[in-house]
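Got the viewer open? Here's a walk through the model, one selection at a time, with a note on what you should find at each stop.

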Amino acid sequence: MATSIFGSGIRRREDPRLITGAATYTDDLSLPDMVHAAMLRSPHAHARITRIDTSRAKKAPGVVAVFAGAEIDALQAMPCAWLLPNSNLKVATYRCGACDVVRYVGDIVGVVVAETPYQAQDALELVDVDYEPLPVVTDPVSANKPGAPQLHPDVPNNEAFHWTVGGGDIDAAFKNAELVVKERIVQQRLIPNAMEPRAALAQWKGASGELTLWNTTQNPHILRFLCSVVTGVSEDKLRVIAPEVGGGFGSKIAAYPADFITVFCARKLNRPVKWTESRRENYQATTHGRDHVQEIELAAKKDGTILGLRATVWAGMGAYLSTAAPGIPTILHGLMLSGVYKLPALKEDVHGVYTNTTPVEAYRGAGRPEATFMIERMMDKLAAELKMDPAELRLKNMIPRFENGHSVVTGLSYDSGDYPAGLKKLLAHVKYQELRKEQADARKKGRYLGIGLATYVEICGLGPSQVAGAIGFQGGLWESAIVRFHPTGKVHVFIGASPHGQGEETTFAQIVASEIGVDVGDVKVFHGDTDVTPMGWGTYGSRTTAVGGAALVFATRKVKEKAKIIAAHLLEAAVEDIEYGDGKFAVKGSPDKAKTIQEIALMAHVAWNMPKDVEAGLEASMFYDPPNFTFPYGSHLAVVEVDTETGQVDLKRYVALDDCGPQINPVIVEGQVHGGVVQGVGQALWEEAVYDENGQLLTGSMVDYALPRADLLPNIEVLSTVTPSPHHPLGLKGIGEAGTIASTAAVYNAVLDAVAPLGVKTLQMPMTPERVWRAMQQAQGRA
Amino acid sequence: MYAPEFDYYRAKSIAEAGELLKKYPGAKLLAGGHSLIPLLKLRLASPPALVDIGRIGELKGLAVKDGKVRIGALTTHAELASSTELRAQCPALAEAASHVGDPAVRNRGTIGGNVAHADPASDLPTVLTALGARFESIGPGGKKTITADQFFQGMMATALGEHDVLTDIEVAAQAAGQGGSYVKFVHPASRYAVIGVAAIVTAVAGNCTSAVIALGGLVPRPVRASSVEKAIIGQTLTPDTIASAAGRVSADLGDEVLGDIFASAEYRRTVAPVWVKRALTKAAERAMSQAAAV
Amino acid sequence: MKVPVTVTVNGRRYARDVEPRLLLVHFIRDLGGITGTKIGCDTSQCGACTVLLDGVAVRSCTCLAVQADGSAVTTIEGLAENGKLHPLQEAFWNKHGLQCGFCTPGMILAAHELLRTKPKPTDEEIRAGLEGNMCRCTGYHNIVRSVREAAGAMAGR
C-alpha cells in the first residue's frame, strides 16, 4: 500500500463538492445585514480630478454610503513587496483611491455601498466627477523616451527600474561570432482570465475589533500582512480566508485596493460588505501579464555553437507597481536566459516602465515564458540561417546530463536534468524524421504544415529565503505544514500554501499516506485560513508541491520519529531496533512484534503508557526553507497547418514532454500540463489586451478578448521523463507552469516553419489570420 | 453587471403587444432576449419598459406549404438548426442557424429577435438576404410585408416601425437542382461572423442556371454579390469558374467595408473572394448532387 | 415596479416579487440561496451560468427572472438523483475534468445538453458542443474525455 499510493492517479477528493455545486466561493457567501460595494473607477487613462460630488448618489434608493477621494485616504498606500536591489527602483505612490490624478482606466476614485448590487450600480452613475484629461502613453518603449507623458513625479522617463544581468565575456562573444542573428519580439499584454472574478467580503466585529476578510487570493497569509499594513487592523485581529478559489494564474497574488476599500467600508459602516468584480472590471483592474518589447542578438559559430546572448527589454509595468511585479521581468526572466543551453556569455538590460495601463503582475509562467520564447525563437532563427535542423541545433547546444548541480552564466545552479534525453524521447515519439517528410510531401500538394519545437527549463520551488532577501523580496519563501494525528489514526494536515484548483488536498494526502501508512482517505488537508493554518507564502510559481510538499514530508517524518519512540516503548525494544515498513513499526527480525500507526496514535492520545519525557499527542510541524530552487524542464512540439488563402492557423497536434521529477499523481500532472499548454497556445494564437491611443482597453470583455475554446484545440499528448531533484526529499520539482512556458514558443515556431517557404521571416503574436496573411503578402512582395 | 430599471408587461397576443407598445412610449419588445439583455446589462440601452412577447403561441413554429417555408418570429435558432424539414427544404438557413452563438444561446435566441436587432455580423440576416426572405409584421397600419433587401437598412437598423411586431418570416423552399450553403469566418471571441457568405445555386447538368450570393459580417448590412452572381450564371460549375466569379466580389462590397482590431477592412476585402469561393463551391456541390439525385 | 415570479428550482418552488430587471441567475443565487451556478463573464460568452430551463440548457445571466416565471430550473445542485451522482458528474470526477471547479457547473450542464441532443458524440462533436463554455484550467482535454465517458455510461444505462 505504501508503495502504490505515491504515483497513483487517484480521483481528487476536492471534486465531489465541485461537481455538485456544494463548494463555496467568495461570492457565494452571504452574511446577515450584508451590503454591497461597487467601485467607482476612472474612465480616463490619465486625468486630474477637479471635482467629485457624491451628493446625488448618496440620495439614491438603497444607498448606505458613498466614499470618495480624501474620505478613503485613511488607508495607507499600497505596498510593493519586491524591492529589486541595484536597479534604481522607484516605487511610485499607489493609493487605494486616487485623490488627485488617475493613471489608468479602472483606477479607483470612490466606492458606493448599497443594500443590493443593482442599487450600488445605479448609484455609481450618480457620482459626478470632473476630470481634466492629461496626455496618455500605453506602450513601454514610447513611455521610456524623453518627452513622453510622465505618470509620476520624480520618475524620469517613467522608468520604474533599470535592471541588468550578465555573465561571461559578452564583448568577446560577439567579437568572435561568425554570425549574429537579431530579432525584435513583442510579448503582448495578456489578461489572466481566471474564470472566477475577484471578490472580497469583509466582516468587522466592532466589539472585539476583529476583522474577517474572505477573499479570492492565492496567498492569504501575505494578504493578511498587507491588509494589516494598509488598513491598520492589527495582524492578530485580522483573519483572511481564501474559501474555494476559482483559478488565479498569478492574478490573485497581488493585494488590491478594492479589497482594502471593502474592509474600510465594513469598518466604517459596521456591517458586512461584499464586493465582486464584473468581468469588465476584471479586465480593467485585475492585473495583466507579459507586456514585453524585446530586442535580442544571438552570437554563434557557423557550426551552430552559440556564444552569447545580448538583449534589451522594455517591460510595461502598468500605472503602478503591483505587489510582486518588479521581480517578474527581472529575477524570474533574466536569470533564466541560459535556458537548457551551454551559453557562455549573456548581457540583458531590463527597463521596467510605468504606462497608463492596468498594473502588470505574474501571469502563469511569470517571466519564464518570456525568457523561453526569446531563446527558442533565436534558436530557430539561427537554425534557419544555418539551414540546420532545429532539433539538431538544440541537441548540439544542450547542457549534458547532470545529477547534482550545474552552474549557468546567470549565476544560478540548476538542480538536475537530462535535457537531451527528454528531447530525444519526444522526437522518437513523434517520429520526427517521418513528420518532416510528411511536411515536405504536404508542401508539394500545396498544404503548409509547420513543425515547431521548444525546450525549456524553469525556476520553481521559490525558494531559499536568504536568496529571497538578497533579491529584494520582502518576505520569506519557505513553506509550512502541520501533521496532526487524531486518536483513531485519522490525520489532519494544515498547510500554509493555498491551492486553488491544483489538487493538493489530494496529492498532499497521498504524500502523508505513502510516508506513514495511513489510508489516503484518512488524511484531510486544510488550507486557506490564516486562523487555522500555519503561516505560509502562498501558491504561485509552481512552489506548493516543491516547497510545501517538502515541509509536509519532513513534518510527517517527525511524527514518524516520535511514533518510533512510542512503538519501541510499547514493544519494549530499543528505538534503534524499530523499523518502519508497510504501515507498521516493528522490531527488527520480529515482524510479529509490531504496532500500526493507528495503534500508536491511540496510545499517544490516551497517554496511559508514554515513554519518559515524551509528550502526549501525535503531531509535528515543519517550516521548510529549501536550499535551492527546483528546475523542471522539458521539450514540446507543435504541428500546425496554415491556410495560405486566409492566414488561419489550425493547431493539429501538440506533444508535451515534461520532467517535474517523480509524480505524486500522474493524472493531476497531466491535467496541469494540458491547461498550461493551452494558456500558452492562447498567447500564440488568440490573446492580446489592446489599448487605443487614449488608454482605453479595446479588448474590454470576452466579446473582444479571444480565449482558447474547446472547438479550436486538439487533444494534448503528454509524455514525461523523471529526473529527481537532488535537494527535495521526494525529488519533486513542480509542474504548474511548465505547459505555458514552452507552448507559446512551440506554436510560434511551428507557424513560422509553415510559412517560411513563402519567405516569411517573422510574425507577430497573437498570430491572427490577418497577421499571418499580411506576413505572407509582404514576403511575396504583394503588400 | 446589472441592467437599469425598467417596467415589464407580458403580452398574451400580437394585438396586445401592439397596444402595449403604443401605451408605453419607448418600450422595447422582448423575445428571447439574447440581443437585448446584453445591451441592458452594459447599460447601452435603457428603455422605460419591455413588452414580453415570448409566450405568444401564434409567433412560434415552422411550417412548409406550397413551396414556402413559414417561420414564426419566436422560433429559436436551435429549432431552425435541428429541424429536419428545414434541413431538407432550406439547408442554408438551417446551417446558418447552427452557427449562431453556441448551443445555449441557440436554445433561447429567436429568429425574430435576431433579425430585428440587425447586427451586421450576425448570421441569419445574410442567409435570409440570399433566400429573398419576406418579413411580415403587424403594426398600427395593419399587416406589412417587407422583402429582405428592404428590411435590413443598415447597421442595427431595419424597416420595422417603432410599434411594429414582426410575426413571420417566409422563404422559398429549395427547388429541384438547387443547393444552398452558409460559410462563416468566425470571430474567435465573439463568435459573430467576421465574414459570412450565403450562396444558393441551381445546377442543371453541371451548369449554373441561377445563383444568389449574400455577404454579411464585413458590411453594415447584408448585401447581394451581384457581380459574382452574374459571373457564375451560365457557366459550367468548376473550381476555376467559381474562383474567377468569386474574385469579382470586391465590386459588390462598396466603400463601407467594416474593420476592427481583429480583422481590418483591407484584410476582409482582400480575403472575401476566398469565402465566397468556399460558399459557392459548397452550394454548387450540393446543387449538383441534388440534381443527380432527382 | 415589482412583479410576482414563481420558479421551481431543483423541484422546490420559489415565489418572489422581483424587479423586472432581475436576472434569472441572481434569482437563483441571491433570492434562492442556491449558489452552485456561477457568473463568469456578463456577456454571454463563458457559459458558467448555464442551467437547464424546462430541461434545456440556457444562459441564466441572459435571461430575466420574469421570463422564467412558471418554469422549472435545474442547476448543478439538482442533477444528482437520490444522492447518486449523475453519470456526467461521475465522469468529470473519474477523468479529472475539472481543476478549480468554477466553470464546472455550467460545463456539466452544457455537456448534459450536448448528450440530450447527441447521445453518442465524436470528440469533435463534444468540442463543438462545448464551444460556449470556457475553462481556463484544463485545456479542455480531460473535459472531452469526461463527456466521452459519460456518453458511454449513459448509453449503457
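**Stop one: a three-stranded sheet in chain A**

Start by picking Arg48(A): its bridge partner in S4(A) is Val101(A). Before you zoom out, keep in mind that everything here is a predicted model.

Now select residues 47-53 of chain A, which make up strand S2, and add S4(A): the two pair in the antiparallel sense over two bridges. Add S6(A) as well and you have an open sheet of three strands, ordered S4-S2-S6, with antiparallel pairing. Look at the edges next. Strand S4 (101-102) and strand S6 (128-133) of chain A each have a single partner strand, so one side of each has no neighbour in the sheet. As a reminder for the stops to come, strands of a sheet pair through backbone hydrogen bonds, either parallel or antiparallel.

**Stop two: a buried strand**

Stay in chain A and select residues 108-114, strand S5. Is S5(A) buried or exposed? Seven of its seven residues are buried, so S5(A) is largely enclosed by the rest of the structure.

Then bring in its partners. Strand S1 (residues 35-41) of chain A runs antiparallel to S5(A) and is joined to it by six bridges. To see one pair in S1(A) and S5(A), pick Ala37(A) and its bridge partner Val113(A). Strand S3 (residues 63-68) of chain A also pairs with S5(A) in the antiparallel sense, over five bridges. Here, select Val63(A), whose bridge partner in S5(A) is Ala114(A).

**Stop three: two helix pairs in chain A**

Time for helices. Two packed helices are described by the angle between their axes and the distance between the axes, so have both ready in your viewer.

Select helix H7 (residues 220-231) and helix H8 (residues 257-269) of chain A. Their axes come within 10 Å and cross at roughly 60°, which makes H7(A) oblique to H8(A). The crossing is right-handed. Show side chains for Cys227(A), Val230(A) and Thr231(A) on H7(A), and for Phe260(A), Val263(A) and Phe264(A) on H8(A): these residues make the contact. Colour them by class and you get five nonpolar, one polar and no charged residues.

Next, jump along the chain to H19(A) and helix H20 (residues 738-755) of chain A. The axes of H19(A) and H20(A) come within 7 Å, crossing at roughly 40°, which makes H19(A) oblique to H20(A). H19(A) passes H20(A) in a right-handed crossing. Among the contact residues are Gly675(A), Gly676(A) and Gly680(A) on H19(A), along with Ala738(A), Gly739(A) and Ala742(A) on H20(A). What classes make up this contact of H19(A) with H20(A)? Nine of its residues are nonpolar, ten are polar and none is charged.

**Stop four: where chain A meets chain C**

Leave H19(A) highlighted and turn on chain C. Across this interface, 44 residues of chain A are in contact with 43 residues of chain C. Helix H2 (15-19), helix H9 (279-285) and helix H19 (666-685) of chain A each supply at least two residues to the chain A side. H19(A) gives the most, with seven residues. By class, the side of chain A that touches chain C has 19 nonpolar, 15 polar and ten charged residues.

**Stop five: where chain B meets chain C**

Swap chain A for chain B. Here 22 residues of chain B are in contact with 25 residues of chain C. On the chain B side, the elements giving two or more residues are strand S1 (7-10), helix H2 (36-41), strand S3 (49-52) and helix H6 (103-108). Which of them gives the largest share? That's H6(B), with five residues. The chain B side divides into eleven nonpolar, five polar and six charged residues.

**Last stop: the five-stranded sheet of chain B**

Hide chain C and select S4, S5, S10, S6 and S7 of chain B. In the order S4-S5-S10-S6-S7, they form an open sheet with antiparallel pairing. Strand S4 (62-65) and strand S7 (142-147) of chain B stand at the edges with a single partner strand each, so one side of each is left without a neighbour in the sheet. On average, neighbouring strands of this sheet are turned by 20° against each other, direction ignored.

Zoom in on strand S6 (residues 134-139) of chain B and S7(B), an antiparallel pair joined by six bridges. Pick Ser137(B) there and you'll find its bridge partner, Lys144(B), in S7(B). Finally, show helix H1 (residues 14-23) of chain B, which packs on the sheet and touches S6(B) and strand S10 (165-172). The direction of H1(B) makes about 130° with that of S10(B).

Methods. Residues numbered from 1 in each chain as written. Chains lettered and ligands numbered in written order. Predicted model: local features only at pLDDT ≥ 70, side-chain atom pairs only at ≥ 80, totals over all residues. Contact = placed C-beta atoms within 7 Å. Helix = DSSP H or I, 4+ residues; strand = E, 2+ residues; numbered from the N terminus. Nonpolar A, V, L, I, M, F, W, Y, C, P; charged D, E, K, R; others polar. Pairing = 2+ DSSP bridges. Axes fitted to C-alpha atoms, helices over the stretch in contact; angles between N-to-C directions. Buried ≥ 20, exposed ≤ 12 C-beta atoms within 10 Å, placed from the backbone. Parallel < 35°, antiparallel > 145°, perpendicular 65-115°, else oblique. Left-handed = near helix turned anticlockwise from the far one by under 90°.
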